[in-house]
Amino acid sequence: MEVPGRGPPGEAPWKKLSKEELENQYSPSRWVIRQGAEETLRTYSHIGDEATKKAQATRRSLLHVPYGDGEGEKLDIYFPREVSAASRFCLFFHGGYWQSGSKDTSAFMVNPLTAQGVAVVVMAYDLAPKGTLDQMVDQVTRSIAFVQKQYPCNEGLYLCGHSAGAHLASMMFLTNWTKHGVTPNLKGFFLVSGIYDLEPIVYTTINAPLHMTLEDAQRNSPQLLLEAAVTRPSDPACHVLVTVGQHDSPEFHRQSREFYQTLRRGGWNASFEEIHDVDHFEIIWNLTQKDFVLTQMILRTILHEH
């Protein structure tokens, strides 16, 4: 599919890019600086795998808990040592452009957060081509409702997503929870190097297994949905942290900044941080470290240590 031609002066900047440059902008591994693309992806996978093995060996957990009837509708729950039904929970949604990645290699933040008394839930969802964007959004919605129902006395649910996972988490801003029979106690969002306007993806090779039409992309773009929204946040205190790595591509920077600005205009308690000297993958694998700046930001928000 060809990139739309140059249009009016106020059009989205990505529409002025060539097909090759658009592909480049939305290929995060092409922007890494310390290793080659393939080595970076191997390192990312290895660190995620090791972090998950360590979490399962050192933390009390409930693994492969079904939140629905589908084969892929499972989640893992990792508990702090002092387990309380009133715990704060951080729910993590992995990246992988909606077509790769796994909860089984995504327990990056488990050890640093559980050490501070925060339970961590790592979600699975059906990847493309089996899963569609609409199905993934529905699965994420139901997984959050499930955690709320299982732990109704929680002191707060905090959603954290990386890349495509940040997109899925941000689709929860305007969810109508009525049909799910519960209103989750959402207290914060941590959106890490995310994509919030899916339209550019339609014109890249990333879309091959997704089979997204333009209508699919628009229906599942939180940037567009929030721009059109007339409702205000139900909880003005709910904090949204939008972050991007210094070495993410310019398009990832633009998407994050514009989404942050849209959140602010919509009345959300949002902040924006460019995380120094990390790329698209380091920003998430460094969450294994308690002293990493983003780990500390997340903990301060959850623990209210301002």
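Rings, pockets and a buried glutamate

Guide: In this predicted model, the lining of the second largest pocket consists of 10 nonpolar, four polar and two charged residues. The volume of this second largest pocket is about 340 Å³, and among its 16 lining residues F173, T175, W177, S234 and W268 lie nearest its centre.

Visitor: What makes F173 and W268 count as nonpolar, and T175 and S234 as polar?

Guide: The classes follow the residue type: Phe and Trp are listed as nonpolar, whereas Thr and Ser are polar because they are in neither the nonpolar nor the charged list.

Visitor: How many residues of each class line the largest pocket?

Guide: The lining of the largest pocket, whose volume is about 470 Å³, has eight nonpolar and 16 polar residues and no charged ones. Of its 24 lining residues, L41, G96, Y97, S100 and F281 are the closest to the centre, and helix 2 gives the most to this lining, with four residues.

Visitor: Why is E199 called buried?

Guide: The relative accessible area of E199 is 11%, and the word buried applies under 20%, so E199 meets the cut-off and is rightly called buried. This residue lies in helix 6, which covers residues 199-202, and, leaving aside residues up to four places away in sequence, E199 touches W14, K15, L214, A217, Q218 and S221.

Visitor: How many aromatic pairs does a search of the whole structure find, and why is the pair of Y44 and F281 called edge-to-face?

Guide: The search finds 14 aromatic pairs. The ring centres of Y44 and F281 are 5.5 Å apart, with their planes at 65°; since a pair needs centres within 6.5 Å and edge-to-face needs an angle over 60 degrees, both conditions hold. Y44 is in helix 2 (residues 37-58) and F281 in the loop between strand 8 and helix 10, 237 residues apart, and both residues are buried.

Visitor: What makes the pair of Y196 and F259 stacked?

Guide: Their centres are 4.2 Å apart and there are 5° between the planes, and because angles under 30 degrees count as stacked, the name fits. Y196 lies in the loop between strand 6 and helix 6, and F259 in helix 9, so the pair ties together parts that are 63 residues apart in sequence. Both Y196 and F259 are buried, and ring pairs link them with F173, F189 and W268 into a cluster.

Visitor: How do you know that R60 lies over the face of F79?

Guide: R60 is placed at 4.5 Å from the ring centre of F79, which satisfies the distance limit of 6 Å.

Methods. Residues are numbered from 1 along each chain as its sequence is written. This is a predicted model: local features need pLDDT of at least 70, side-chain atom pairs count only at pLDDT 80 or more; totals for chains, interfaces and linings use all residues. Side-chain values use heavy atoms; hydrogens and water are left out. Helices (H or I, at least four residues) and strands (E, at least two) are DSSP runs, numbered from the N terminus. Buried means under 20% relative accessible area, exposed over 50%, partly exposed in between (1.4 Å probe, protein chains only). Contact means heavy atoms within 4.5 Å. Rings of Phe, Tyr and Trp (its six-membered ring) pair if their centres lie within 6.5 Å; planes under 30 degrees apart count as stacked, over 60 as edge-to-face and the rest as tilted. A charge sits over a ring if NZ of Lys or CZ of Arg is within 6 Å of the ring centre and within 35 degrees of the ring normal. On a 1 Å grid over the protein atoms alone, a cavity is a set of points where a 1.4 Å probe fits but cannot get out, and a pocket is an open set with protein on both sides within 12 Å along at least five of seven lines; lining residues have an atom within 4 Å of a point. Grid points are joined across faces, edges and corners, and a volume is the space filled by probe spheres set on the points.
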